[in-house]
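Please find below some notes on the structure, set out as numbered points. They cover backbone angles, aromatic contacts and surface charge.

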Amino acid sequence: MGLPPDIFAVGERTFIRFSLAQLSGHQVDQRYWRYFPYAIWLEPERRLSNRSDYLNEYFEMHLPRSLKIAKRAMKWAEPLFYVYLYHFKPNDPVFEKLAHVAQGFFTGGAIKSGTALNSLTHDLNLFSTADGPKCIAESILKTKRGLMGWINQFDLWSGFPATVFAQSALIELLRFPKEKRRQTDYIHLAFDWGIQAQNQFRYPETKILFTDALLLAWKGLKPPEDLKTAMSAKLTSVLGDPRVDQEQWQGISSEAVQVLVGWLNTKSSE
């Protein structure tokens with residue numbers, strides 16, 4: 001699909017164009033309807049998700065008509081692809097409608113078989129709001145190439161991790177069974193995906209789930225020494241030593257904290 005546009009800037013411009021059309025009483029120029037999805041979910045006071053008239057006109061007339069025209073189809077499908085990833089909102093009725101249309105187009109024969117885009121949308125069920133994030137998480141783990149390696153394999157752009165969909169996929173990864181969470185490949189991917197180079201959580205909202213997922217998998221078990229050392233070093237570099245810096249560990253389960261403290265105490269006594 002190539003690089004996405006600045007979807008928030010495009011959304012803002014599109015919102016202004018639709019607002020001006022409403023104020024002037026004129027119809028929206030046909031060429032602007034292609035960008036309509038970018039303006040559906042802006043800030044609460046600047047969005048078109050509550051304009052049922054525009055939504056109906058887009059989904060019932062402009063979009064289906066344009067997706068049937070070969071030379072227009074991909075230009076109109078591209079906003080669906082990027083808005084789906086950036087604004088991922090399961091259970092939102094309008095978003096579910098967008099996801100349904102996108103799934104129908106991208107898995108309906110329009111995309112050449114054997115391409116990365118076909119594998120992503122058809123084989124990995126990307127546009128299923130229920131299963132897509134988990135399928136993607138499983139695929140990233142299975143490739144054993146790390147997050148960026150997987151991104152390159154599927155011809156996505158380097159900013160994919162910044163999308164809401166990518167965060168949802170990581171959350172699914174952190175909910176994998178304990179047996180998987182003890183695998184070396186899993187642990188490497190979790191740190192690669194969940195922690196940025198600056199030793200900060202890529203998605204701060206995942207701090208508790210992330211830490212519990214990695215530590216509770218080892219409750220009552222002894223990890224390999226090299227793995228224990230690496231995990232201890234990484235977690236304390238991000239959150240500090242729980243024996244000293246307890247504030248950073250607030251919210252994380254006491255059982256998870258006890259697992260790490262046990263590792264650290266064992267190391268200190270050696």
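1. N125 sits in the loop between α6 (116–123) and α7 (132–143). In this predicted model, its phi is near 55 degrees, a positive value in a residue other than glycine. N125 is partly exposed, at a relative accessible area of 22%; the partly exposed class begins where buried ends, at 20%.

2. N91 also has a positive phi, near 75 degrees, and is not a glycine. Its place is the loop between α4 and α5. With a relative accessibility of 72%, N91 counts as exposed, the cut-off being 50%. Both angles merit a look, because most residues other than glycine have a negative phi.

3. Searching the whole structure for aromatic pairs gives 29. One of them joins Y58 and W76: the ring centres are 6.4 Å apart and the planes meet at 15 degrees, so the pair is stacked. The centre distance falls within the 6.5 Å limit for pairing, and stacking requires planes under 30 degrees apart. Y58 belongs to helix α3 (residues 52–67) and W76 to helix α4, so the contact ties together parts that are 18 residues apart in sequence.

4. Are the two residues of this stacked pair buried or exposed? Y58 has 0% relative accessibility and counts as buried. W76 is buried as well, with a relative accessible area of 5%.

5. A second pair is formed by F81 and F106, whose ring centres are 5.9 Å apart; the planes are at 50 degrees, so this pair is tilted. An angle of 50 degrees is neither under 30 nor over 60, the bounds for stacked and edge-to-face. F81 is in helix α4 and F106 in helix α5 (residues 93–106), so that the pair links distant parts of the chain, 25 residues apart.

6. F81 is buried, with a relative accessible area of 0%. F106 counts as buried too, at 1% relative accessibility. For a longer separation along the chain, the C-alpha atoms of F106 and G11 are 95 residues apart in sequence and separated by 23 Å.

7. On the surface, a patch of positive charge gathers R65, K71, R72 and K75. Which helix gives the most to the positive patch? Helix α4 (residues 70–86) does, with three residues. K75 is found in this helix. Helix α4 also holds W76 of the stacked pair and F81 of the tilted one.

Definitions and conventions: Residues are numbered from 1 along each chain as its sequence is written. This is a predicted model: local features need pLDDT of at least 70, side-chain atom pairs count only at pLDDT 80 or more; totals for chains, interfaces and linings use all residues. Side-chain values use heavy atoms; hydrogens and water are left out. Patches are made of residues with over 30% relative accessible area and no salt bridge: like charges are joined within 9 Å, nonpolar side chains (Val, Leu, Ile, Met, Phe, Trp, Tyr) within 5 Å. Accessible areas come from the Shrake-Rupley method with a 1.4 Å probe; for residues, only the protein chains shown count as cover. A salt bridge is a side-chain nitrogen of Lys or Arg within 4 Å of a carboxyl oxygen of Asp or Glu. Lys and Arg count as positive and Asp and Glu as negative; His and the chain ends are not counted. The place of a charge is taken as NZ of Lys, CZ of Arg, CG of Asp or CD of Glu. Helices (H or I, at least four residues) and strands (E, at least two) are DSSP runs, numbered from the N terminus. Rings of Phe, Tyr and Trp (its six-membered ring) pair if their centres lie within 6.5 Å; planes under 30 degrees apart count as stacked, over 60 as edge-to-face and the rest as tilted. Buried means under 20% relative accessible area, exposed over 50%, partly exposed in between (1.4 Å probe, protein chains only).
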